[in-house]
Amino acid sequence: MTNDLRLLPWAGREGKRCYLITDDHGGPVSRLADVTESIQLGMGSELLAHSHNMLLDKNLN
């Protein structure tokens, strides 16, 4: 059994990086991190699409 460190998608105390020691069995904190990362990636994708559209509109004017 190997234990890996996983950087979590939220900050710990005092804004420091937060890690989870995991053995890839998909515990509750690992599942929460998966959902949080998925939401963050989706929001990032939407933001990129929005900014791309704004740049296209600016270049057309």
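Which two side chains meet in a salt bridge at 2.7 Å, N to O? They are those of Asp34 and Arg6. Keep in mind while looking around that this is a predicted model.

**The overall fold**

Let's start with the layout. The protein chain has one helix and two strands, and from the N terminus on these elements run β-β-α. The radius of gyration is 17 Å, well over the 10 Å that the globule rule gives for 61 residues, so the chain is more spread out than a compact globule. Along its principal axes, the C-alpha trace spans about 60 × 25 × 15 Å. Of the 61 residues, 11% count as buried. The accessible surface comes to about 5,400 Å², and carbon and sulfur atoms own 59% of that area. Among the contacts with a separation of 6 or more, 26% are between residues 24 or more positions apart.

**The hairpin**

Strand 1 and strand 2 (residues 17–22) pair in the antiparallel sense over five bridges. Within this pairing, Leu7 has Tyr19 of strand 2 as its bridge partner. The two strands form a hairpin with five residues between them. Glu14 sits in the turn and has a positive phi of about 60 degrees. Glu14 also forms a salt bridge with Lys16, and both of these residues are exposed.

**The salt bridges**

The structure holds three salt bridges, and here they are side by side:

| Salt bridge | Closest N to O |
|---|---|
| Asp34 and Arg6 | 2.7 Å |
| Arg6 and Glu37 | 2.8 Å |
| Glu14 and Lys16 | 3.8 Å |

Take the pair of Asp34 and Arg6. This pair links distant parts of the chain, with Asp34 in helix 1 (residues 28–60) and Arg6 in strand 1 (residues 4–11), 28 residues apart. Next comes the salt bridge between Arg6 and Glu37. Here too distant parts of the chain are linked, as Arg6 lies in strand 1 and Glu37 in helix 1, 31 residues apart.

How do the partners fare in terms of accessibility? Arg6 counts as buried because its relative accessibility is 16%, under the 20% cut-off. Asp34, at 41% relative accessibility, counts as partly exposed, and Glu37 counts as partly exposed at 26%. Salt bridges that share partners join Arg6, Asp34 and Glu37 into one network.

Notes
Residues are numbered from 1 along each chain as its sequence is written. This is a predicted model: local features need pLDDT of at least 70, side-chain atom pairs count only at pLDDT 80 or more; totals for chains, interfaces and linings use all residues. Side-chain values use heavy atoms; hydrogens and water are left out. A salt bridge is a side-chain nitrogen of Lys or Arg within 4 Å of a carboxyl oxygen of Asp or Glu. Helices (H or I, at least four residues) and strands (E, at least two) are DSSP runs, numbered from the N terminus. Buried means under 20% relative accessible area, exposed over 50%, partly exposed in between (1.4 Å probe, protein chains only). Two strands pair if DSSP finds at least two bridges between them. The radius of gyration is taken over C-alpha atoms; the globule rule is 2.2 Å times the number of residues to the power 0.38. Contact means heavy atoms within 4.5 Å. Accessible areas come from the Shrake-Rupley method with a 1.4 Å probe; for residues, only the protein chains shown count as cover.
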